[in-house]
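Reader: I should like to understand how the terms used for a protein model are justified. Could each term be set against its definition?

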Amino acid sequence: MKTMKSLMKMLPVLLLAVVLLLALAAPALADGEATEAAAETVETTDSASGAKAIAAAVAIGLAAAAGAIGMGLAIAKSAEGISRQPEASGQIRTSLMLGLVFIETAIIYALIVAILIIFVL
């Protein structure tokens with residue numbers, strides 16, 4: 001139980017480290033062998049599409065991670081509640097399913113936003 005709590009406390013730091021690693025790795029992958037005129041056009045297009053891809057990946061990644069944590073906590077608490085009060089299992093299960101649907105809806109909205117970032121912006 002203590003290891004799960006310590007892991008939950010370290011999760012935002014780990015996610016921030018991954019985002020910073022991706023942001024710092026992008027310039028290292030830039031192509032420097034093209035001519036100056038062509039390089040400006042290519043770099044502008046590549047950097048814009050690369051930034052869109054990173055933004056979409058971060059958006060859906062954070063939403064999926066937060067949703068998975070939320071779902072795990074909800075399922076754990078509902079199982080705990082059912083074990084304490086078995087006679088209320090129907091009401092607890094109904095509330096659990098409704099909560100899981102709302103969490104999944106938020107993740108789907110993040111997916112739609114990520115798709116919009118890639119194709120519209």
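Author: In this predicted model, the protein chain exposes about 9,100 Å², and carbon and sulfur atoms supply 74% of that area.

Reader: What makes serine 78 count as buried or exposed?

Author: Serine 78 has a relative accessible area of 10%. Buried means under 20%, so serine 78 is called buried. This residue lies in helix α2, which covers residues 36-84.

Reader: Why is leucine 116 called partly exposed?

Author: The relative accessibility of leucine 116 is 44%. Buried requires under 20% and exposed over 50%; the value lies in between, and therefore leucine 116 counts as partly exposed. Its place is in helix α3, residues 89-119.

Reader: Which residues make the nonpolar surface patch?

Author: The patch is formed by Ile108, Tyr109, Leu111, Ile112, Ile115, Leu116, Ile118, Phe119, Val120 and Leu121, and amounts to about 1,000 Å². A patch residue needs over 30% relative accessible area; leucine 116, at 44%, therefore meets that cut-off.

Reader: Which residues does serine 78 touch, apart from those up to four places away in sequence?

Author: Serine 78 touches Ile92 and Leu96. Isoleucine 92 belongs to helix α3. With neighbours within four places set aside, isoleucine 92 is in contact with Ser78, Gly81, Ile82 and Gln85. Contact means heavy atoms within 4.5 Å. The C-alpha atoms of isoleucine 92 and isoleucine 82 are 7.0 Å apart, although ten residues separate the two in sequence.

Reader: How many helices and strands are there in the protein chain?

Author: The protein chain has three helices and zero strands, in the order α-α-α from the N terminus.

Definitions and conventions. Residues numbered from 1 in each chain as written. Predicted model: local features only at pLDDT ≥ 70, side-chain atom pairs only at ≥ 80, totals over all residues. Heavy atoms only, no water. Patch = residues over 30% accessible without salt bridge, like charges linked within 9 Å, V, L, I, M, F, W, Y side chains within 5 Å. Areas by Shrake-Rupley, 256 points an atom, 1.4 Å probe, with all protein chains shown as cover. Salt bridge = Lys/Arg side-chain N within 4 Å of Asp/Glu carboxyl O. Helix = DSSP H or I, 4+ residues; strand = E, 2+ residues; numbered from the N terminus. Buried < 20%, exposed > 50% of the residue type's maximum accessible area, 1.4 Å probe, protein only.
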